[in-house]
Each structure stands twice: as C-alpha cells, then as structure tokens.
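Biologist: I would like to learn how to read a model one feature at a time. Could you take me through this one?

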Amino acid sequence: MTVLEDQTADFAHYLTVEQGLATNSVTSYTQELHNFIQYLTGKGVTDFKQVDRLQLMAYLSELTAVGKSRNSVIHAVSALRKFYRYLVQTHQLTVNPMANIAAPKHAEHLPAVLTVAEVDRLLATPDTTNKYGLRDRAILEVMYATGLRVSELVHLKLADLHLEMGLIQTLGKGDKERIIPIGDVATDWINQYLQTSRPVLLKQRTSPYLFLNGHGGGLSRQAIWQKIKKYVALTGIQKDVTPHTLRHSFATHILENGADLRVVQELLGHADITTTQIYTHISKKRLKNVYDQYHPRA
C-alpha cells in the first residue's frame, strides 16, 4: 500500500469513527480520493504533502475537461476540502492548499416528480393476489406515505413499526433516528402483507427485516430500484422514475397541500433546511405550469 493509500484508509476511519458518517457517504468521499490518487500517480506525486494549490486547480480543471458534470466537480471539491482539513487537524500538514479554492455553483436541478394521479396508477400496478405483488404494493405505499430513502426502507425492521400509533422509526444519514407518521392506507397494506405474504416468504426462518425477498432474506436497494422500474414501465408513465422519485413526490405533494417547510425537513431527515428548499422550487414551477395551461390569458 502506498503512502497515498495509507492516508486515504486513515481518512475513511476518521469519517466513520470521528465524524459518524454513513457508510455510503464514506464510500463516496474515499472514491473521490482514489480518483485523485490516480491523477497524482500519473504525475509522479507520491505524497499529499507534495500537492499545492495549483496542482489541485489543475486536477479540478481536468475533471471538467474530460466531461465531468458540474455537480461531480462540486462533489470532488467537497471531498478534497474535507480531506485536507483532516490532514491539517491531524498535524500532517500545516497549510491547507484547498482553503481558497472555490467550487462551481450548483446547476439548478429539479428532480422528477409524479402527479397524484400518476402515483395512484403506480401504486395500483402490483398484482396483490400473489405474495410478491402484495409485498410490492406495501413497499410502494410505505415509500410514498413516509418519504423514506430506499436505504432506510430496506433496513426497516419489524421492531421499527408502531402501527397502532400510526408511526414508524428509522435511522437516516449519520445514524440519526427520526419518527415518521404513516397513514391508514399504508398501514392497511403493511398489515395485509404481514398476515398473508411475509409468512410465506419467510419460509419458517427468522428475519428482523420487514420486507423480504423470495429466499426469506432482506431486499437490496438494487432490487427495489428494479421493481419500481418494472412497475413504471407497466403503467406507461413517461418519466425517469427511481426510488427517490417517490420521496420527491411525497415532499412536493404535502407542501402543495399546505405543509410547513420545517415539517417537511423533519419528515425527510434533512440536516439543513436549504436541502429541503428545492421542493418549494418544484411547487412553484408546477404552479406556473398549471397557470399556463388553464388561465385563458396565460
């Protein structure tokens, strides 16, 4: 292992233990560093101490030159800032060469959102007369009713359900727990799944997880993604729909019906309300579309 790789491994340990970041975030940051290491190795650099501000700016310029998106470059800047702060904090460097390097501004990106009618069509697509269709209907209902991230959904356990109180609990990013209300419709589908489908999928085994695959184990994020793609194709919805689309739709619809932005922030588990504010942009855009479509003088 090279000096560069040693420092990257130590940084990953720091992010996990000291910063308490989720596994996905640690993986994302360390992957950015591995990309940077490949660049440095090609330049004959063997230690981060040899890197100065000009080399960092040249690297970021090269990312743009090879076609990386603006958001990809922003993420690279974020990872390198965090890493070089770590090197200074641990006294491996005395000067931070990333200190005065600005990231490009975020391009405005409004995620795909389904209409209420499209959500209704999607949720009604699984064939609930069989064990898999009933499970999938419950999955879709829970995602739209709660706005859970797909990673939170696949880790949802029986012990996290408090259906008699209309609540579920989950661990979000950074292992932060939050309590989320769940409506009667989703609760009813969960109960049907628990009574009819889950015992068959379990195959007389035991599992703490709510949603199971055909072998009685927990579902993966990729499996959820594939199921949603399948059902979207069956509905004929002409949008790029992912598991996150149901989360976006959940947030947008409750905002459009009068929910306070702070409430939406709490429900989604956003640490910073600026992350939640994108949904006000979506709502305004849709409001303008409705106006343009229906006002006689638009």
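Modeller: Begin at the start of helix H3, and keep in mind that this is a predicted model. Which backbone nitrogen does a side-chain oxygen of Asp-52 reach there?

Biologist: The backbone nitrogen of Leu-54, I think, with the side-chain oxygen of Asp-52 within 3.2 Å of that atom. What limit applies to a polar contact?

Modeller: The N or O atoms must be within 3.5 Å, so the 3.2 Å pair at the start of H3 is inside the limit.

Biologist: What span should helix H3 have, and what is the distance between its end C-alpha atoms?

Modeller: The idea is to compare an expected span with the distance in the model. H3 runs over residues 53–65, and its 13 residues, at 1.5 Å a residue, should span 18 Å. The end C-alpha atoms are 18 Å apart, so the two values agree.

Biologist: Which residues of H3 are buried?

Modeller: Buried means under 20% relative accessible area. In H3 this holds for Leu-56, Tyr-59, Leu-60 and Leu-63. Seen down the helix axis, the buried residues of H3 fall within an arc of 95 degrees, so they line one face of the helix. Leu-54 and Ala-65, on the other side of H3, are exposed.

Biologist: What covers the buried residues of H3?

Modeller: The cover includes helix H2 (23–42) and helix H4 (70–89). After H3 comes Gly-67, with a positive phi near 100 degrees.

Biologist: Can the face reading be repeated on another helix?

Modeller: Take helix H5, residues 116–123, where Glu-118, Val-119, Leu-122 and Leu-123 are buried. Down the axis of H5, the buried residues fall within an arc of 130 degrees, so these too line one face of the helix. Their cover includes helix H6 (131–146), helix H9 (221–235) and helix H10.

Biologist: H10 leads me to Thr-252, which lies in that helix. Is Thr-252 buried or exposed?

Modeller: Buried, because its relative accessibility is 0%. The side chain of Thr-252 reaches the backbone oxygen of His-248 at 2.8 Å.

Biologist: Which residues does the UniProt annotation "active site" cover?

Modeller: The entry is unreviewed, and the annotation covers Arg-149, Lys-173, His-244, Arg-247, His-270 and Tyr-279. Such a record may be inferred rather than shown by experiment. What the model adds is the surroundings of each position. Arg-247 lies in H10, residues 243–256, and counts as buried at 3% relative accessibility.

Biologist: Which residues are in contact with Arg-247, leaving aside neighbours within four places in sequence?

Modeller: Gly-147, Leu-148, Arg-149, Arg-178, Leu-268 and His-270. Turn next to His-270, in the loop between helix H11 (261–268) and helix H12 (273–276). With a relative accessible area of 13%, His-270 is buried. Outside the same four-place window, His-270 is in contact with Arg-149, Arg-247, Gln-265, Thr-275, Thr-276 and Tyr-279.

Biologist: Where is Ala-259, and is it buried or partly exposed?

Modeller: Ala-259 is in the loop between H10 and H11, and at 25% relative accessibility it counts as partly exposed. Beyond neighbours within four places in sequence, Ala-259 is in contact with Ile-254 and Val-264. The C-alpha atoms of Ala-259 and Tyr-29 are separated by 34 Å, and the two residues are 230 residues apart along the chain.

Biologist: How many helices and strands does the protein have?

Modeller: There are 13 helices and three strands. Along the principal axes, the C-alpha atoms fill a box of roughly 65 × 65 × 35 Å. Of the 298 residues, 42% are buried.

Biologist: And what do the contacts and the surface come to?

Modeller: Counting contacts between residues at least 6 apart in sequence, 59% join residues at least 24 apart. The accessible surface is about 16400 Å², and 52% of that area belongs to carbon and sulfur atoms.

Methods:
Residues numbered from 1 in each chain as written. Predicted model: local features only at pLDDT ≥ 70, side-chain atom pairs only at ≥ 80, totals over all residues. Heavy atoms only, no water. Helix = DSSP H or I, 4+ residues; strand = E, 2+ residues; numbered from the N terminus. Expected span 1.5 Å × (residues − 1). Buried < 20%, exposed > 50% of the residue type's maximum accessible area, 1.4 Å probe, protein only. Arc of directions from axis to C-beta. Contact = heavy atoms within 4.5 Å. Polar contact = N/O pair within 3.5 Å; in protein donor to acceptor, adjacent residues only side chain to side chain. Areas by Shrake-Rupley, 256 points an atom, 1.4 Å probe, with all protein chains shown as cover.
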